[in-house]
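Dear colleague,

I am handing over the structure that you will find just below, together with the sequence. Please look it over before reading on.

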Amino acid sequence: MASIWQYANPKKFIDTTDRFLPWLSALALICLVVGLVWGFFFTPEDYRQGSTVKIIYLHVPSALMAINAWLMMLVASLIWIVRRHHVSALAARAAAPIGAMMTVIALVTGAIWGQPMWGTWWAWDPRLTSFLILFLFYLGYMALWAAIENDDTAADLTSVLCLVGSVFALLSRYAVNFWNQGLHQGASLSLDKEENVADVFYHPLLVSIAGFVLLFIALVFLRTQTEIRARRMRALLARERLQ
């Protein structure tokens with residue numbers, strides 16, 4: 001465990017992530033190109049949904065990352081509350097805009113996918129509603145960081161907000177299981193093979209998901225480095241004002 005906490009040192013974190021960023025970025029690009037091209041151009045139309053089913057390669061990965069980005073923020077916030085490591089708080093802050101964008105992509109692609117299936121762009125389905133609330137929590141989280149000048153106070157308050165918002169992150173994931181009357185279909189990926197999409201869609205979907213995961217990690221590393229440098233700059237400016 002001691003070796004893990006060494007990365008709470010900002011310089012160690014930047015030096016380490018700098019070595020991984022080029023590889024993560026390259027792998028993310030490869031997986032995204034392969035997964036999306038494979039899925040959109042080399043898979044057949046679904047016998048019920050036609051070509052609209054191919055939006056699955058954007059919708060499912062973005063929805064998964066929207067939820068898991070918040071859960072990553074939750075873990076980082078808990079580390080801040082317990083250990084007071086600034087890198088963890090800044091990593092949570094760095095992940096928020098990425099998670100918000102993933103949520104927007106999931107909502108938009110879900111509407112495009114749902115319109116021909118349900119006959120409407122939006123329905124107050126449990127999962128859709130919880131996803132919309134999750135997006136509002138993302139906006140509130142970012143606004144709270146921006147509204148408070150003291151970084152430690154902002155980290156404390158946003159960590160509490162993150163704990164509350166985690167309820168909706170979990171609801172977004174399991175809403176279909178909680179409320180069977182919702183319009184939204186069950187999970188496209190499951191440990192139960194009978195619930196998975198057909199293999200012809202399943203394999204390119206896995207590659208697309210890998211691309212989204214790698215892209216998220218790369219962006220979080222990059223944005224966390226930016227947050228660390230911005231915090232150093234604010235500290236230097238504050239020191240100069242005192243002198």
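What follows is an account of what was found in it, from the whole chain down to a single residue.

The model is a predicted one, and the chain averages a pLDDT of 85, with 85% of the residues scoring at least 70. Among the elements, helix α2 (residues 10-41) has the highest mean pLDDT, at 95, whereas helix α1 (residues 2-5) has the lowest, at 68. Where pLDDT is low, the predicted coordinates should not be read in detail.

As to the fold, the chain has 7 helices and 0 strands. Of its 243 residues, 42% count as buried, and among the contacts with a separation of 6 or more, 76% are accounted for by residues 24 or more positions apart.

The UniProt record, an unreviewed entry, lists residues 20-42, 62-82, 94-116, 128-148, 160-180 and 200-222 under "transmembrane region". Two of these annotated stretches can be set against the model: residues 128-148 are 95% helix and 0% strand, with end C-alpha atoms 31 Å apart, while residues 200-222 are 100% helix and 0% strand, with end C-alpha atoms 34 Å apart.

The second largest pocket has a volume of about 490 Å³ and is lined by 21 residues, of which F13, M72, V87, A91 and F221 lie nearest its centre. Helices α1, α2, α3, α4 (86-118) and α7 (199-242) each supply at least two residues of this lining, and α7 gives the most, with 5 residues. In composition, the lining divides into 16 nonpolar and 5 polar residues, with no charged ones. Since α1 is both a contributor to this lining and the element with the lowest mean pLDDT, I would ask you to keep the two points together when you look at the pocket.

Finally, a single position: is A69 buried or exposed? A69, which has its place in helix α3 (residues 56-83), has a relative accessible area of 0% and therefore counts as buried, the cut-off being under 20%. Leaving aside its neighbours within four places in sequence, A69 is in contact with G99, Y138 and F216. Of these partners, F216 is 147 residues away from A69 along the chain, yet the C-alpha atoms of A69 and F216 are separated by 8.2 Å. Y138 falls in the annotated stretch 128-148 and F216 in the annotated stretch 200-222, so that the description of those two stretches also bears on the surroundings of A69.

With best regards

Key:
Residues numbered from 1 in each chain as written. Predicted model: local features only at pLDDT ≥ 70, side-chain atom pairs only at ≥ 80, totals over all residues. Heavy atoms only, no water. Helix = DSSP H or I, 4+ residues; strand = E, 2+ residues; numbered from the N terminus. Buried < 20%, exposed > 50% of the residue type's maximum accessible area, 1.4 Å probe, protein only. Contact = heavy atoms within 4.5 Å. UniProt positions renumbered as here; feature names shortened; annotations may be inferred. pLDDT = per-residue confidence, 0-100. 1 Å grid on protein atoms, 1.4 Å probe; cavity = no way out; pocket = protein on both sides within 12 Å on 5 of 7 lines; lining within 4 Å. Points joined across faces, edges and corners; volume = space filled by probe spheres on them. Nonpolar A, V, L, I, M, F, W, Y, C, P; charged D, E, K, R; others polar.
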